[in-house]
Every structure is written in structure tokens, then in C-alpha cells.
Amino acid sequence: MEIEELRTFVEVADAGGVSPAARRLGVSKSIVSRRLARLEADLGVQLLARTTRGAALTEAGITFRDHAARVCAEIDIARETILPAGDLRGRLRVAVPLSFGPTHFAPVLADMAQRHPQLQIQTVYSDRFVDLIAEGFDCAIRVGYLQDSNLIARRVGPIYGKLVASPDYINAQGSPEKPEDLATHEALMQGTEAWQFMDGEEIVTVYPRGRFKADNAMALLAAALKGLGIAWIPDGVIADHVASGALVPVMTRHPPPPAAAYVIRPPSQHPARKVRVLTDMLIDCFQQAHDPADEGR
């Protein structure tokens, strides 16, 4: 029984079909099908029932999937243990936010690939919250205020942002001075999230409302520039527009507390070394970019 056959079966089981598993693994569908056929022949049982919508686990497949996943994880740990110090190989599949990813995180991933020529890195850029386990990701980088989940998170650095609006919006609607003033303003949001602000040492939470919503910071930026409302946007996205006067910071006496960037991974006793290395590189990147002036924010 080959480890690649076990790994392929786990991918098909989690992806729900041969085609999505082949895309994850970076091989053809015919290779995936042959591996599955060999595994079922070795075991003498049917693990997957092929359907028009993909593949469903049989009763034996449901039982075998967890055992196969544990074997694959243990093999990965064993390989890491005997590799030369610092050497990485295999595949790292990571989900990265589209808003920040290409500018802030892509250079770190490129540096990682350069340092580890035997490592295959597959990055998916999207602002939606991917299901790490169901979609086969080793980890994800997420930016903002962390939501509760059963995933394991490691904070890698702070993300500072501001409430901003265009001069046209402020001229027409005024500028909020206190968190409660936001109730009469149009908020540009990702969804129905809460906004937090500092009132001295206390954190005040408000639930703004607005008619324009988007899951991408660049889309919220475009709406703010058009004068559609007030948005919380990370400094790295709005710096040039604030400097030019196209956007104006509002409610500066009640700044939002810093958000953060996190590396999120599925729960397991032993995180893969490739995920630990990426996490450490991101922490180093944030520390090198740290501005002591930020301490007073």
C-alpha cells in the first residue's frame, strides 16, 4: 500500500470527487482514479461510490478515511524529522486574503519558495473564509478581528486601520465625533460586523448600518472615494489616499483598536514544519516593518 494512494484517497474523500482532488494534488484525473483503484484492490473493499455529482464515501470508506489521514500525518512528521535541518519539501497549500495578500504576503511566500527549492507552494487569493479542512488547505492567513472557531490561530503581527470618508461625504453628511454618532451615518462594511473603538482605556462596540457591502477592502476603498459612506480600512490600503486628501480620517479621538494578521491551521497535535516556518517568516516580516511610532496609536 503506497502512501500516495492513501493521500489521494483522503483528498478525494475531503474534496468530494476525483476532479477537485486532482486539482488539489496537481495531477490528472486518470492518475487519481488509478491510485484509488489500486488502493481498493489492495484492501478488497469499495471505499468510494461514484455518483453523477462526484464521489461519496461508503461505510468502509468513512471508517478508513480517518485512519488514512492519521497515517499520512504521521508520515509527514517522520519525513520532517529526518530531513536536513531547515530543509522543506512536499506541498504547502495556503489561502491568503485578496485585499492584502498580493502586496503584503506574496513576497514572504516567494521568499519561502526561494529558500526551499523542494517545496511546492500553492496559494489561493480570496477574501472569502475558506473551509481549510474541506478544501484541503494546510493553513490560511487572515486579517482583521479573529472570530471564534475550532481552528488553531497564531498571531503574526498587528494591522492598523482608520475610519475614513471622502471630503464630499463629510461636507454633505458631517463627520461623526463619537461612536454613537455612527448610527446616523452610512457605513461601508464587509457584512454585519461590529466595529470597535477606544474610549480611553475601554473598548466601545457599535453595530453600524449601510447599504453598500463588499468582502474586499479595495471595493470598500472605491466606495469611500465615491462618497458613499464611512469605512474602516487598513492603513496599508489607504495611506496614499489619505496623504493626497482624497480620504479624510474621522472620529480620530476614538481610534479602532489594532486588528491583526493570523496564521490559521486545522487542529492537530503536531503542526507541519512548513506551516511553522511560514508563521515564523511572517512574524519576522512584521517585526522588520514595525514602526516604533505605532506604539502610541
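How many helices and strands are there in the protein? In this predicted model, the count comes to 9 helices and 14 strands, and with the whole chain in view the C-alpha trace spans about 75 × 45 × 30 Å along its principal axes. Of the 297 residues, 42% count as buried, and the accessible surface of about 16100 Å² belongs to carbon and sulfur atoms for 51% of its extent. Among contacts between residues at least 6 apart in sequence, 72% join residues at least 24 apart.

**First stop: the sheet that contains S14**

Select strands S4, S3, S5, S14 and S6, which in that order make up an open sheet of 5 strands with mixed pairing. Its edges are strand S4 (119–125) and strand S6 (152–159), each of which pairs on one side only, and from one strand to the next the twist averages 20 degrees. Next, restrict the selection to S5 (residues 139–144) and S14 (residues 259–265), where 5 bridges join the two strands in the antiparallel sense; a place to look for this pairing is Ala140, whose bridge partner in S14 is Ile264.

Now add helix H9 (residues 273–289) to the view. This helix lies across strand S3 (90–96) as well as S4, S5, S6 and S14, and runs at about 15 degrees to S6.

**Second stop: helices H1 and H2**

Move to helix H2 (residues 18–25) and colour Val18, Ala21, Ala22, Arg24 and Leu25, which are buried. Seen down the axis of H2, these buried residues fall within an arc of 160 degrees, so they line one face of the helix. Showing the surroundings brings in the elements against which the buried residues of H2 pack, namely helix H1 (3–15), helix H3 (29–43), and the strands S3 and S4, both of which belong to the sheet of the previous stop. Just after H2, centre on Gly26, which takes a positive phi of about 75 degrees.

Then select Glu5, which has its place in helix H1. Is this residue, Glu5, buried or exposed? With a relative accessible area of 3%, Glu5 falls under the 20% cut-off and so counts as buried. Its side chain makes a polar contact with the side chain of Arg38, at 2.9 Å. If neighbours within four places in sequence are left aside, the residues in contact with Glu5 are Arg35, Arg38, Leu39 and Asp42.

**Third stop: the sheet that contains S12**

Select strands S11, S8, S12, S7 and S13, given here in their order across another open sheet of 5 strands, again with mixed pairing. Which strands form the edges of this sheet? They are strand S11 (212–213) and strand S13 (248–249), each pairing on one side only. Within the sheet, look at strand S8 (residues 187–189) beside strand S12 (residues 230–234): the two run parallel and are joined by 2 bridges, and Leu188 has Ala231 as its bridge partner in S12.

Finally, bring in two helices that lie across strands of this sheet. Helix H7 (residues 217–225) lies across S8, S11 and S12 and runs at about 160 degrees to S8, whereas helix H8 (residues 235–244) lies across strand S7 (161–165), S12 and S13 and runs at about 115 degrees to S12. With H7 and H8 both displayed, S12 can be picked out as a strand that H7 lies across and that H8 lies across as well.

How values were computed. Residues numbered from 1 in each chain as written. Predicted model: local features only at pLDDT ≥ 70, side-chain atom pairs only at ≥ 80, totals over all residues. Heavy atoms only, no water. Pairing = 2+ DSSP bridges. Helix = DSSP H or I, 4+ residues; strand = E, 2+ residues; numbered from the N terminus. Axes fitted to C-alpha atoms, helices over the stretch in contact; angles between N-to-C directions. Contact = heavy atoms within 4.5 Å. Buried < 20%, exposed > 50% of the residue type's maximum accessible area, 1.4 Å probe, protein only. Arc of directions from axis to C-beta. Polar contact = N/O pair within 3.5 Å; in protein donor to acceptor, adjacent residues only side chain to side chain. Areas by Shrake-Rupley, 256 points an atom, 1.4 Å probe, with all protein chains shown as cover.
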